[in-house]
Amino acid sequence: MSKNVFVVGADRFNMQKMRKVEIDADYQLHELLSFDEVKGKGFYPVEECLAKARERLQAFDGSIDAILGYWDFPVTTMIPILCREYGLPSPSLESVLRCEHKYWSRIEQQRVIPEMTPRFDAVDPFDDAAVDAIDIPFPFWIKPVKGTDSLLAFKVRNRRELRHSIDKIRERIDRIGRPFDQILSHADLPEEIAGIGGHHCIIEEAVGGRQCTIEGYVFAGEPHHHGIIDSINYPKRSSFLRYQYPSLLPKRVKERIRKATDRLLPHLGYDNATYNVEYFFQPKTERLMLLEINPRLSQSHSDMFEKVDGASNFQIMLELALGREPDFPLRRGHFRCAAKFHVRVFEDGIVTQAPDSDDIKRIQKDFPETLIDLKVEQGTRLSEMIEQDSYSYDIAHIHLGARDRKALLDKYNRILHALHFEFDPVPDESLEAPEVEEIAS
């Protein structure tokens with residue numbers, strides 16, 4: 001009998017990928033909630049979405065065999081709530097929150113891998129005395145205890161920048177703080193966490209180095225890993241230029257990352273689901289620091305795995321949701337390396353020219369197996385886009401494969417030149433064009 005699999009946060013680009021997944025099971029995908037319903041309006045209507053999901057599941061004429069999703073908050077936290085109600089395979093909500101609640105997660109990390117945990121503390125951004133009492137030296141990061149896409153994450157170097165960041169956080173934190181509090185109300189929280197809600201922030205020591213992500217899954221309590229990806233920023237910026245797979249880190253460093261992740265995930269009680277964990281490696285000191293734990297696969301990595309390994313990580317997510325142990329290939333793809341590039345601009349503006357569908361088709365004909373996902377169209381005001389970090393505007397994603405890193409960067413530069421964007425500045429502001437010339441360095 002065919003299994004019915006329901007997707008929370010379904011979007012066109014990733015659902016096309018999911019519908020191509022081949023596993024040894026008869027199943028049908030159903031879009032339970034769309035991306036626009038859960039994230040696409042610039043806010044997160046958690047309780048409304050849970051109610052819609054329950055209503056649609058109750059009205060479904062058939063078995064309910066799996067509920068899954070691949071986006072971050074609130075999808076990651078809604079999945080265990082719904083799965084618990086329907087008795088389906090899923091990590092517990094509390095184990096997901098030990099990953100997603102940044103302060104709770106740091107406490108647990110400190111208990112298991114203290115040498116890889118930066119200095120941190122919680123702060124109420126609405127309490128001036130608490131803000132003045134921050135004793136972690138500059139520079140540090142301040143961000144909500146629940147983040148998504150680096151929303152309201154600020155690196156501060158002095159008191160003036162701290163005050164500016166606090167003003168921005170006070171103005172906008174309710175957008176994510178209120179829905180996160182709604183999620184926390186569904187969980188059994190320890191006393192040390194119960195008072196640190198969605199309107200609190202975490203202060204973290206600023207650490208740097210080469211950033212990477214290990215991706216894998218936990219099945220029956222045992223962690224497994226299927227890849228390490230390098231995360232490379234624009235030069236002298238905090239925003240990602242590309243994710244690149246496989247990682248170029250030394251083997252000894254990759255092994256340290258694997259061992260640390262193996263120790264951490266069972267401690268969190270996280271099971272029967274995918275994950276990706278981000279680290280910083282500092283080559284001069286050999287210091288390895290954990291950045292954050294994401295209780296989900298990275299849909300940004302999906303095409304890279306497909307190009308290099310021959311299957312996307314959606315296969316793993318689907319098999320786990322159906323209660324099956326994943327069987328994932330290795331190095332069976334068409335390319336030796338792959339990347340997802342983020343085309344960004346760094347000042348506000350209005351899009352006056354963007355590629356159309358014919359432009360994209362022409363580029364993809366010249367560069368087979370390339371995927372281009374535009375995020376803007378003519379008339380888009382960049383500062384009104386949702387799901388952006390604090391320092392840039394992400395206007396397009398380019399997914400590429402190549403024989404090596406040099407060929408990868410050359411192909412990207414050629415495609416970027418073929419994508420024609422133009423912008424009008426907003427009053428009294430200038431707009432930087434997408435950066436091209438420095439990225440091959």
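**Entry 1. Helix α6**

I began with burial in α6 and found K102, Y103, W104, S105, R106, I107, E108, Q109 and V112 to be buried. Nine of the 11 residues of α6 are therefore under the 20% cut-off for burial, and I noted the helix as mostly covered. I record here that the model is a predicted one.

**Entry 2. α6 against α5**

I next looked up the partner helix α5. The axes of α5 and α6, the latter spanning residues 102-112, come within 5 Å and cross at roughly 90 degrees. That angle falls in the range of 65 to 115 degrees, so I entered α5 as roughly perpendicular to α6. On the α5 side I listed E94, L97, R98, C99 and E100, and on the α6 side K102, W104, S105 and E108. Sorted by class, this contact holds three nonpolar, one polar and five charged residues.

**Entry 3. α5 against α4**

I then turned to the packing of α5 (residues 93-100) with α4. Their axes lie 9 Å apart, at an angle of about 170 degrees. An angle over 145 degrees counts as roughly antiparallel, which is why I entered α4 and α5 under that heading. From α4 the contact takes T76, T77, P80, I81 and R84; from α5 it takes L93, E94, V96, L97 and E100. The classes here are five nonpolar, two polar and three charged residues.

**Entry 4. Nonpolar cores**

I asked which helix gives the most to the largest nonpolar core. The core itself has 72 residues, and those with the most contacts inside it are V8, M18, L32, I67, Y70 and I142. Helix α4, residues 75-86, is the main contributor, with six residues. I also found a second, separate core of 32 residues; L241, F341, Y393 and I395 are among its members. As background, I noted that nonpolar side chains tend to be buried together in soluble globular proteins.

**Entry 5. Three single residues**

I looked up L264 first, and located it in helix α11, residues 251-268. Its relative accessibility is 1%, so L264 counts as buried. Beyond four places in sequence, L264 is in contact with Q109, V112, I113, L290 and I293. Of these partners, Q109 and V112 are buried residues of α6, which returned me to the helix of my opening entry. For I293 I checked the separation from L264: 29 residues in sequence, and 9.8 Å between C-alpha atoms.

For H30 I asked whether the residue is buried or exposed. H30 sits in strand β2, residues 27-34. Its relative accessibility is 19%, and since burial means under 20%, H30 counts as buried. With neighbours within four places set aside, H30 is in contact with N4, V5, F6, V7 and F60.

R172 I placed in helix α8, residues 159-172. At 37% relative accessibility, R172 is partly exposed, because the value lies between the 20% and 50% limits. Not counting residues up to four places away, R172 touches L151 and L152. I also checked R172 against F35: the two are 137 residues apart in sequence, with 21 Å between their C-alpha atoms.

**Entry 6. Backbone geometry**

The contact with R172 led me to L152. L152 has a positive phi of about 60 degrees although it is not a glycine. I found L152 in the loop between β5 (140-144) and β6 (154-156). Its relative accessible area is 2%, so L152 is buried.

A220 also has a positive phi, about 50 degrees, and is likewise not a glycine. A220 lies in the loop between β8 (210-219) and β9 (222-233). At 60% relative accessibility, A220 counts as exposed.

I then looked up cis peptide bonds. The bond from F73 to P74 is cis, with omega near 5 degrees, and P74 lies in the loop between β3 (66-68) and α4. Y245 and P246 are also joined by a cis peptide bond, with omega about -5 degrees. P246 is in the loop between β10 (240-245) and α11, and α11 is the helix that holds L264.

**Entry 7. Confidence**

Finally I read the confidence values. Mean pLDDT for the chain is 94, and 96% of the residues reach 70 or more. I asked over which residues pLDDT stays under 50. The stretch is residues 435-441, for which the model has 19 contacts beyond four places in sequence. Where pLDDT is low, predicted coordinates should not be read in detail.

Note on methods. Residues are numbered from 1 along each chain as its sequence is written. This is a predicted model: local features need pLDDT of at least 70, side-chain atom pairs count only at pLDDT 80 or more; totals for chains, interfaces and linings use all residues. Side-chain values use heavy atoms; hydrogens and water are left out. A nonpolar core is a set of buried Ala, Val, Leu, Ile, Met, Phe, Trp, Tyr and Cys residues joined through side-chain atoms within 4.5 Å. Buried means under 20% relative accessible area, exposed over 50%, partly exposed in between (1.4 Å probe, protein chains only). Helices (H or I, at least four residues) and strands (E, at least two) are DSSP runs, numbered from the N terminus. Contact means heavy atoms within 4.5 Å. Axes are lines fitted to C-alpha atoms, for helices over the stretch in contact, and angles run from 0 to 180 degrees between N-to-C directions. Angles under 35 degrees count as roughly parallel, over 145 as roughly antiparallel, 65 to 115 as roughly perpendicular and the rest as oblique. Ala, Val, Leu, Ile, Met, Phe, Trp, Tyr, Cys and Pro count as nonpolar, Asp, Glu, Lys and Arg as charged, and the others, Gly among them, as polar. pLDDT is the predictor's confidence in each residue, from 0 to 100.
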